[in-house]
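Dear colleague,

I am handing over the structure below, as promised. Please look through it at your own pace, and then read the notes that follow it.

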Amino acid sequence: MKRILPVAISAVVGLILLVDYFLKVPALKQTATEIQDWGLIVAAFALALAAVNLLLIHGKRIAKKDRQSIHSFILIAALLVTTFSGIFIGTRSGVFDFIFRSVFTPLAAVFYAMTAFHLASASYRAFRAKNLQAVALLLAGVLLMLGRAPIGEVIWKGFPKIADWITNVVNLAGSRGILISTAVGTVGAGLRILAGIDRSHLGSGTE
Amino acid sequence: MKTLQKLGQIDSRVIYALLILALLIPLMRPLGLPISIGKHTQRTFGVLDTLQAGDKVIMDIGYSVSGAADVQPQTIAVLKHLFGKGVRIIFVGNQTEGPMVIESLVKPYEAAGKKYGVDFCNLGYLAGGENAIASYCRDLKKSYPVDFRKNQTSSLPILDGVNGAKDVKMFVFFTTQNSDMYVRQITQYKIPIVGGLINTISPQAEPYVNAGQLAGILVGLRGGAEYEMLMKAPGVGVASMDAQSMGHLLIIAFIIFANISYLATRRAGAKGDKGGAK
């Protein structure tokens, strides 16, 4: 029963949603809607669970009183101040606005901006013409960079055309292939789950 | 030969310092490089320009603050276009920071006289990713009984007669994620879907544009800059393009240095081997 019930629930839920999506059976509409709403509630609870998990993990680290404790303390303090200011003072309040605009926004922007520096350094170290495949990757990368930035067009009018060709022919063919094969794979994986052959989502692996 | 080989051993800190300069100088003293309009931006502008005053659209803000650098200029330019035409916008957030990003985007328009609840509304964030999109597209008011500003959505005039995606003229999204989930969930409502994407994700969206499932896409910072040019209102996108150009040129220069060094080292190695064989 412990094995069959979860598989049966997965199969029934999956079938209802599939039939509702593809066939639009009026009798199933309400049930499908309810199931999707449950999904939203579970997702919302997952967020709360993640916050509790964060508190537990970093609470333990603070209790250890090692070098990393200060980081965990800052994280928990930030989490609590942001959460309570949002809940009790309001998300449109000055405090919450200050946290979002003056603390969170610049920090998040810095993290994203840092990737540009890592990318520059990584390109310098990794883009080496070691073999034919590496040369193809190198050329495509350089041509796209020149074709997508205005400076490329200033240097030579042909760069944007080459970049467009790479995007519209080479990339499109590859992306379409990946997309279709992923879709077919997803159908296969879905059928395995519906049939109860694949139970990895229940934490019990494949039979 | 040794000098050439040393080109491949430049310290990361030197690369970082030069990149900062390459990005900062054009931002402070713009070069004014010409920006041609790409076909995606032209097409997207044409699609959005078909909207009339009073038309309602759903706009999904699916990017976090960290990804804003690439997508926000597009969002700002499109908002300027749509609000300028009198289009009414129903904002939803697909990322936890979405509602706050929306508040910052609409602030200047609200100050200029656009009315909350009439010209636009911010429904807030709905957890669940693709499931959330499916849910609010099917029944907006059930998914969002209360908006981000704590109003009952049933009391918002902008939502009169709007029960889901089938009741709006268009669906517009800006995201740092894949466009797949939007295509999967919204195509069934037979409304045009327009997406603003980051550079690295856009290649995956090309098949959808080619198949007509996406009516148009804007690609990265350049997409935003091109849209600003079409609007004849240069903004943050155009201002950033010179910096991007210089950044790209510097990276290409470093790649060339690295490969000259690599070839020189390989040549020296081959000569050494021959010498050894003799």
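**Notes on the predicted complex**

The contact between the chains draws 43 residues from chain A and 42 residues from chain B. On the side of chain A that touches chain B, at least two residues each are supplied by helix H2 (26–64), helix H4 (94–126), helix H5 (132–148), helix H6 (150–155) and helix H7 (158–194). The largest share of that side, 14 residues, comes from H4(A). By residue class, the side of chain A that touches chain B divides into 27 nonpolar, 9 polar and 7 charged residues.

Please keep in mind that this is a predicted model, for which the predictor gives the complex an ipTM of 0.82 and a pTM of 0.88. Chain A has a mean pLDDT of 89, with 98% of its residues reaching 70 or more, while chain B has a mean of 92, with 97% of its residues reaching 70 or more. Within chain A, confidence is lowest in helix H1 (residues 4–23), at a mean of 88, and highest in helix H3 (residues 69–89), at 93. Within chain B, the lowest value belongs to helix H1 (residues 2–6), at a mean of 80, and the highest to strand S4 (residues 170–175), at 98.

Returning to H4(A), this helix has 33 residues and reaches 46 Å from its first C-alpha to its last, close to the 48 Å expected at 1.5 Å a residue. H4(A) nevertheless bends by about 35° at A:Phe104, and a proline, A:Pro106, follows within four residues. The buried residues of H4(A) are A:Phe100, A:Ala120, A:Ser121 and A:Tyr124.

A:Ser85, which is found in helix H3 of chain A, has 19 C-beta neighbours inside 10 Å and therefore counts as partly exposed, since 20 or more would be needed for a buried residue. Leaving aside residues up to four places away in sequence, A:Ser85 touches A:Ser93, A:Val95, A:Phe96 and A:Ile99. The C-alpha atoms of A:Ser85 and A:Val95 are separated by 6.8 Å, although these residues are 10 apart along the chain.

Two lysines deserve a look for their backbone angles. Most residues other than glycine have a negative phi. A:Lys65, in the loop between H2 and H3 of chain A, has a positive phi near 55°, and this lysine counts as exposed because only 12 or fewer C-beta neighbours are allowed for that class and A:Lys65 has 9 inside 10 Å. B:Lys232, in the loop between helix H10 (220–230) and helix H11 (236–277) of chain B, also has a positive phi near 55°, and B:Lys232 is exposed, with 6 other C-beta atoms within 10 Å.

Chain B is divided into domain 1 (2–27 + 241–277) and domain 2 (39–237), whose C-alpha centres lie 41 Å apart. In helix H9 (residues 202–210) of chain B, the buried residues are B:Ser202, B:Ala205, B:Glu206, B:Pro207, B:Tyr208 and B:Val209. These buried residues of H9(B) pack against H7 of chain A, together with helix H8 (180–186), strand S5 (193–197), strand S6 (216–219) and H10 of chain B. After H9(B) comes B:Gly212, whose phi is positive, near 85°.

With kind regards

Conventions:
Residues are numbered from 1 along each chain as its sequence is written. Chains are lettered from A and ligands numbered from 1 in the order in which they are written. This is a predicted model: local features need pLDDT of at least 70, side-chain atom pairs count only at pLDDT 80 or more; totals for chains, interfaces and linings use all residues. Two residues are in contact if their C-beta atoms, placed from the backbone, lie within 7 Å. Ala, Val, Leu, Ile, Met, Phe, Trp, Tyr, Cys and Pro count as nonpolar, Asp, Glu, Lys and Arg as charged, and the others, Gly among them, as polar. pLDDT is the predictor's confidence in each residue, from 0 to 100. The expected span of a helix is 1.5 Å times one less than its number of residues. The bend at a residue is the angle between axes fitted to the seven residues ending there and the seven starting there. Domain bounds come from an automatic or database domain assignment.
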